[in-house]
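This report goes through one protein chain for a reader who has not seen it before. The sequence and the structure come first, and the description follows.

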Amino acid sequence: MVRKTIGERLAQLEAQRRTLQIRLSKQERAIDTRRKVLIGALVLHRLEHDRDVHIGGGLAAWLRRELPKFLTRDGDRDLFDDLLKRQANEPTIGNIGNGSAAS
C-alpha cells in the first residue's frame, strides 16, 4: 500500500472542505428561501383576508404576534426562532402602562 504524501492528504482534505462548504451554502440558501416564502405567504394571506388589519407596534412585534398562529409545522417555527423571541424592551400585556415599557 502506497502512503500519500502530506501534500496529497492536504489537497484531499481541502477538496472535502470545499465540498462541505458548498453543501452548507446550499442548505443556508434553501432555509433563507423558505423563510421568505413563509413570510410572504403570511403577508399575502393577511392582505387578502383582513383588508383593514392595523399593523401597530412595529413590524417585528406584529410578526411575533402573527407568525406563531400562522406557522403550523414545528420545522417552520424553528426557522423563525430568532424573530419570535420577545425583545427585552417590547411591552407585554402585563407591563403596558406601568412605566416598564420602553418609549
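## Salt bridges and helices

Arg17 forms a salt bridge with Glu14, and their closest N and O atoms are 2.9 Å apart. The model is a predicted one. Both residues belong to helix α1, which covers residues 6–49, and because they are 3 residues apart there, about one helical turn separates them. Arg17 is partly exposed, at a relative accessible area of 45%. Glu14 is also partly exposed, with 32% relative accessibility.

Helix α1 holds a further pair, Lys36 and Asp32, which are 4 residues apart, or about one turn of the helix. Their side chains meet in a salt bridge, with 3.0 Å from N to O. Lys36 counts as exposed at 55% relative accessibility, while Asp32 is partly exposed at 34%.

Helix α2 has a pair of its own. Lys69 and Glu66 lie in this helix, 3 residues apart, again about one turn. The N to O distance in their salt bridge is 3.5 Å. The two partners fall into opposite classes: Lys69 is exposed, with a relative accessible area of 61%, whereas Glu66 is buried, with 10%. Elsewhere, salt bridges with shared partners join Glu14, Arg17 and Arg18 into one network.

The three pairs described above are set out here.

| Pair | N to O distance |
|---|---|
| Arg17 and Glu14 | 2.9 Å |
| Lys36 and Asp32 | 3.0 Å |
| Lys69 and Glu66 | 3.5 Å |

The count of salt bridges comes to 7.

Helix α2 runs over residues 59–70 and has 12 residues. From its first C-alpha to its last, the helix reaches 15 Å, close to the 16 Å expected at 1.5 Å a residue. Glu66 is one of the buried residues of α2. The others are Ala61, Trp62, Leu63, Arg64 and Leu67.

What does the secondary structure of the chain come to? It comes to 4 helices and 0 strands. Read from the N terminus, the order of elements is α-α-α-α.

Some totals describe the chain as a whole. The chain has 103 residues, and 16% of them are buried. The exposed area is about 8,500 Å², of which carbon and sulfur atoms supply 57%. Among contacts with a separation of 6 or more, 42% are between residues 24 or more positions apart.

Note on methods:
Residues are numbered from 1 along each chain as its sequence is written. This is a predicted model: local features need pLDDT of at least 70, side-chain atom pairs count only at pLDDT 80 or more; totals for chains, interfaces and linings use all residues. Side-chain values use heavy atoms; hydrogens and water are left out. Helices (H or I, at least four residues) and strands (E, at least two) are DSSP runs, numbered from the N terminus. Buried means under 20% relative accessible area, exposed over 50%, partly exposed in between (1.4 Å probe, protein chains only). Contact means heavy atoms within 4.5 Å. Accessible areas come from the Shrake-Rupley method with a 1.4 Å probe; for residues, only the protein chains shown count as cover. The expected span of a helix is 1.5 Å times one less than its number of residues. A salt bridge is a side-chain nitrogen of Lys or Arg within 4 Å of a carboxyl oxygen of Asp or Glu.
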